[in-house]
Amino acid sequence: MCNTCGCNITPGNEHLVRADGKHALTEDGRAAVTVLQGLLSENDHQAAHNREHFDHHGVLALNLMSSPGAGKTSLLEATIEALGGEFRIAVIEGDLETENDAERIRAKGVPAIQISTGSACHLDAHLVHTALHHLDLDDIDLLFIENVGNLVCPASFDLGQHRNIALLSVPEGDDKPAKYPVMFRTADLVLCTKADLLSVLPEFQPERAERYLRQLASTAPFMTIATRGDAALAPWLQWLRDELRSQRERLELGRSIRPAIVPEGAHPPAGTAEQLHRHAHDHHSSHSHSHSHSHSHAHD
Amino acid sequence: MHELSLCQSLLDQVEQIAREHGATRVDRILLKVGPLSGVEGALLQHAYPLAAAGTIAAQAELVIEPSQIRVRCRQCEAETDATPNRLLCGACGSFETRLISGDELLLANLELTIPDQDD
């Protein structure tokens, strides 16, 4: 949505603009100016620009978010091993310090750009844009953006990605979605990682984690996966294949997509929201077969 | 914490609007911040004077209006209050709701001193 045409006016905020004219005067004669502009509009503008880049080059961009240590880099290593022959993969790594993660990815033979954020707790659209200058997007099918390990701030910044993926690892506890609702409600897919530890951590119940997720009004698929053990990654790999296929179909029709919930202050008008909602539904219904087994007792 | 950088982007917008209107001073800034925006109003208040020092909005009163979380049910169409980690329909309990208010992070309105305002 934009910040100029008034499409971010909703029933929740319209009273703010119901003043008379643009220069209504306050009691003491000051000019009152109605703005209704998202505070992150500069970031959002850059994010939209990034997304155009991705679409133009046929790249599917995925934003991975989780706490530190939930297994984002391990998941990427395993994913590259499984899909490296099928798709051209690249990774943008965000960390406060070190090149360690980028080196781990490069060791798997795919390009990785490390963004060292210093003390910044999240990636933003400008940082990602700078990193894109070091990648040849024409050589990439799947671009993973591994955000800074943090369940708070990354949720507020659109990077230009097409999908948000949140990881929740078994040792963290199953109530993370309830504790960090802002993060988990933005996820288009939630991966419960390190499932190989479920046998030693019986207090973690995947069903309970998924219930907390549903309480955020999330319809995102919830998958329990592990990077160790055979076939433990299958639903995730299939999700990636399906998403990439959907992205290509969309691009052929000249359409783009954003995550179902974008981290921005304003709401789209009813029409747009329905459209976004329908996107989400198309997506879920067309792939229901692929994650039905991991998604079975979802929500009734 | 990114409230300081948020204040800086707020001030960029405020200064631009003040310039467009030929204002000499920004007197009041009204923000609308929802609990699901990921931003703490109190932290914004703390960061604001640091970011605003030396700008046209240095003396401005920063007012943060919290918004309430409201959801509309896709099943029964009811519109109800909700809490950050329980966004279910308050009427029928369905999780298929749409947020209609509560994640705002908006610069809603400014009050400016504009010399010679007689068109």
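The expected span of a helix is 1.5 Å times one less than its number of residues. The model examined here is predicted, and helix H2 of chain A can be set against that rule. H2(A) covers residues 72-83, 12 residues in total. From its first C-alpha to its last it reaches 16 Å, close to the 16 Å expected.

Much of the interest of H2(A) lies in its buried positions. Lys72(A) and Thr73(A) are buried. So are Leu75(A) and Leu76(A). Further along the helix, Ala78(A), Thr79(A) and Ile80(A) are buried too. An α-helix has 3.6 residues a turn, so residues three or four places apart point the same way. The buried residues of H2(A) pack against five strands and one helix of chain A, namely E3 (60-65), E4 (89-95), E6 (142-146), E7 (163-169) and E8 (189-193), together with helix H3 (100-106).

A helix pair was also examined in chain A. Helix H1 (residues 41-56) packs with helix H4 (residues 125-132) at an angle of about 30°. Their axes are 8 Å apart. The crossing of H1(A) past H4(A) is left-handed. On the H1(A) side, the contact is made by Asn43(A), Gln46(A), Ala47(A), Asn50(A) and His53(A). H4(A) contributes Ala125(A), His126(A), Val128(A), His129(A) and Leu132(A). Six of the residues in this contact are polar and four are nonpolar. None is charged.

Chain B contains two helices and six strands. Their order along the sequence is α-β-α-β-β-β-β-β. The chain has 119 residues and a radius of gyration of 18 Å, whereas a compact globule of that length would have a value near 14 Å. The C-alpha trace spans about 55 × 40 × 15 Å along its principal axes. Buried residues account for 43% of chain B. Contacts in chain B often link distant parts of the sequence. Of those between residues at least 6 apart, 67% join residues at least 24 apart.

The two chains meet through 41 residues of chain B and 39 residues of chain A. On the chain B side, the elements giving two or more residues are helix H1 (3-20) and strands E1 (25-33), E3 (70-73), E5 (97-101) and E6 (105-113). E6(B) supplies the largest share, nine residues. By class, this side of chain B has 19 nonpolar residues, 13 polar and nine charged.

Conventions
Residues are numbered from 1 along each chain as its sequence is written. Chains are lettered from A and ligands numbered from 1 in the order in which they are written. This is a predicted model: local features need pLDDT of at least 70, side-chain atom pairs count only at pLDDT 80 or more; totals for chains, interfaces and linings use all residues. Helices (H or I, at least four residues) and strands (E, at least two) are DSSP runs, numbered from the N terminus. A residue is buried if 20 or more other C-beta atoms lie within 10 Å of its own, exposed if 12 or fewer, and partly exposed in between; C-beta atoms are placed from the backbone. Two residues are in contact if their C-beta atoms, placed from the backbone, lie within 7 Å. The radius of gyration is taken over C-alpha atoms; the globule rule is 2.2 Å times the number of residues to the power 0.38. Axes are lines fitted to C-alpha atoms, for helices over the stretch in contact, and angles run from 0 to 180 degrees between N-to-C directions. A crossing is left-handed if the near helix is turned anticlockwise from the far one by less than a right angle, and right-handed if clockwise. Ala, Val, Leu, Ile, Met, Phe, Trp, Tyr, Cys and Pro count as nonpolar, Asp, Glu, Lys and Arg as charged, and the others, Gly among them, as polar.
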